[in-house]
Amino acid sequence: MVEVTVTPQSSLADRPVRVQVRGLSPSQLVTLRASLTDEHGECFQSRAFFHADRAGEVDPSRHAATGGSYAGVWPMGLFWFLQPDTLFRRLVKRDVAGSPFLVRLEVFDGLRLVTGPQDQPLASCEAQRWYVGPGVQRVPIREGRVRGALFLPP
């Protein structure tokens, strides 16, 4: 049974996570895809193609992607190379304190340049990427023409 995991499942957006896929056949070609929908409903995706090792595992921190959104060993590549489905859109988090970005990670058999609703992943999981840590207080700043926010640690 194929399984994809992200450790830790919930983390701050600037902290590294580890993505691992287990249960594949040795040398199996798979597509690992990350996707998220922002607060405006825009979809962002990245994908990378991997060959499983002899143990039937894929780990982007140890195995090189052979193509897709990037190539080579990039442990956080699936997160760093997220691109919008609609050109010229930017990934911006407005509500930094209220909710995380939910990044869906999926593994597909073979090389998938495009995935549709009929394509079923071998496995999937979800990662929460927070922009503000627990207990951090946000204080709005309005002084003359200056506008901003001050984030105070607990």
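# A tour from surface patch to buried charges

Start at strand 11, residues 146–152, which contributes three residues to a nonpolar patch, the most of any element. The model on screen is predicted. Select Ile 141, Val 146, Leu 150 and Leu 152 together to see this patch on the surface. Their combined accessible area is about 290 Å². Now pick out Leu 150, which sits in strand 11. Leu 150 is partly exposed, at 38% relative accessible area.

**Into the core**

Next, go inside. The largest nonpolar core holds 29 residues. Which of them touch the most other members? Select Val 4, Val 6, Val 21, Leu 32, Phe 50, Phe 79 and Leu 105. Now colour the elements that each supply at least two residues of this core: strand 1 (3–7), strand 3 (18–22), strand 4 (29–37), strand 5 (43–51), helix 1 (77–80), strand 8 (101–109) and strand 9 (123–130).

Stay on Val 4 and show its contacts. Leaving aside residues up to four places away in sequence, Val 4 touches Val 19, Gln 20 and Val 21, then Leu 32, then Leu 105 and Val 107, and finally Ala 123, Ser 124 and Cys 125.

**The cysteines**

Cys 125 is a good place to pause. Is Cys 125 buried or exposed? Cys 125 counts as buried, at 15% relative accessibility. Now find the cysteine sulfur closest to that of Cys 125: it belongs to Cys 43, 16 Å away, which is too far for a bond. Move to Cys 43. This residue is partly exposed, with a relative accessible area of 23%. Seen from Cys 43, the closest cysteine sulfur is in Cys 125, again at 16 Å and too far for a bond. A search of the whole structure turns up zero disulfides.

**Salt bridges**

Switch to the charged side chains. Side chains of opposite charge can pair when their charged atoms come close. The structure has 11 salt bridges.

Select Arg 18 and Asp 59. They form a salt bridge, with the closest N and O atoms 2.4 Å apart. Arg 18 is in strand 3, and Asp 59 is in the loop between strand 5 and strand 6 (67–68), so this pair links distant parts of the chain, 41 residues apart. Check each end in turn. Arg 18 is partly exposed at 37% relative accessibility, whereas Asp 59 is buried at 1%.

Now add Glu 57 and Arg 22. Their side chains meet in a salt bridge at 4.0 Å, N to O. Glu 57 lies in the loop between strand 5 and strand 6 and Arg 22 in strand 3, so this pair ties together parts 35 residues apart in sequence. Both ends are partly exposed: Glu 57 has a relative accessible area of 23%, and Arg 22 is at 33%.

Then move to Glu 106 and Arg 33. The closest N and O atoms of this salt bridge are 2.3 Å apart. Glu 106 is in strand 8 and Arg 33 in strand 4, which puts the two residues 73 apart along the chain. Are these partners buried or exposed? Glu 106 is buried, at 6% relative accessibility. Arg 33 is buried too, at 12%.

For the last stop, select Arg 18, Arg 22, Asp 53, Glu 57, Asp 59 and Arg 62. Salt bridges with shared partners join these six into one network.

Terms used:
Residues are numbered from 1 along each chain as its sequence is written. This is a predicted model: local features need pLDDT of at least 70, side-chain atom pairs count only at pLDDT 80 or more; totals for chains, interfaces and linings use all residues. Side-chain values use heavy atoms; hydrogens and water are left out. A disulfide is a pair of cysteine sulfur atoms within 2.5 Å. Buried means under 20% relative accessible area, exposed over 50%, partly exposed in between (1.4 Å probe, protein chains only). A nonpolar core is a set of buried Ala, Val, Leu, Ile, Met, Phe, Trp, Tyr and Cys residues joined through side-chain atoms within 4.5 Å. Helices (H or I, at least four residues) and strands (E, at least two) are DSSP runs, numbered from the N terminus. Contact means heavy atoms within 4.5 Å. Patches are made of residues with over 30% relative accessible area and no salt bridge: like charges are joined within 9 Å, nonpolar side chains (Val, Leu, Ile, Met, Phe, Trp, Tyr) within 5 Å. Accessible areas come from the Shrake-Rupley method with a 1.4 Å probe; for residues, only the protein chains shown count as cover.
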